[in-house]
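Reader: Hi! I'm in my first year and still learning to read these pictures. Could you take one part and walk me through it slowly?

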Amino acid sequence: MPHVDIKSFPHDLNDEQKAALADDIAQVIIRHFNSKDSSVSVAYSEVQPDDWKAQVWDTQIGPHMDELIKKPGYSM
C-alpha cells in the first residue's frame with residue numbers, strides 16, 4: 001500500500017496536470033514496488049514559501065534526515 005505525499009510551493013496545477021503527475025508517480029511506484037495501481041495513493045498539497053520551514057522542514061525533513069532516501073540540496 002504505497003502512499004506518496006507531495007508538498008511543494010504553489011504551482012497552480014489544474015486537475016488535469018495533477019492527474020498526470022499522480023499517474024506518473026504511481027507508475028514509478030508500481031514498477032519499483034511491484035504493486036497494483038489500486039494500491040497506490042498520491043497526495044498533493046501546496047505550502048506557501050513563508051510557511052515551508054515551520055510546516056515542512058521543521059516537522060518532516062530536518063528531523064527525519066536519516067530516513068530520507070533522497071535528501072534535499074538545501075538546509076534551513
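Reader: Let's zoom in on strand 1: which of its side chains are buried and which are not?

Author: Sure, let's start with Asp 5, which counts as partly exposed because its relative accessibility is 44%. The cut-offs go like this: buried is under 20% relative accessible area, exposed is over 50%, and partly exposed is in between, using a 1.4 Å probe and protein chains only. Before going on, bear in mind that this is a predicted model, where local features need pLDDT of at least 70 and side-chain atom pairs count only at pLDDT 80 or more, while totals for chains, interfaces and linings use all residues. Residues are numbered from 1 along each chain as its sequence is written, and side-chain values use heavy atoms, with hydrogens and water left out.

Now the whole of strand 1, residues 3–8. Strands here are DSSP runs of E with at least two residues, helices are runs of H or I with at least four, and both are numbered from the N terminus. In a regular strand, side chains alternate between the two faces of the sheet. That's what you get here: Val 4, Ile 6 and Ser 8 point to one face and are buried, while His 3, Asp 5 and Lys 7 point to the other and are not.

On that second face, Lys 7 is partly exposed because its relative accessibility is 22%. Asp 5 and Lys 7 also form a salt bridge, with their closest N and O atoms 2.7 Å apart. That term needs a side-chain nitrogen of Lys or Arg within 4 Å of a carboxyl oxygen of Asp or Glu. Side chains of opposite charge can pair when their charged atoms come close.

Who's the neighbour? Strand 1 runs parallel to strand 2 (residues 41–46), and six bridges join them; DSSP has to find at least two bridges for strands to pair. Val 4, from the buried face, stands opposite Val 42 in strand 2. To get from strand 1 to strand 2, the chain goes through helix 1 (residues 15–33), making a right-handed β-α-β crossover. Right-handed means that, with the strands pointing away from you, the path from the first strand over the helix to the second runs clockwise.

Each loop on that route has something odd. Asp 12 lies in the loop between strand 1 and helix 1, and Asn 34 in the loop between helix 1 and strand 2. Most residues other than glycine have a negative phi, yet Asp 12 has a positive one of about 50 degrees, and Asn 34 also has a positive phi of about 50 degrees. Asp 12 counts as exposed because its relative accessible area is 66%, and Asn 34 because its value is 73%.
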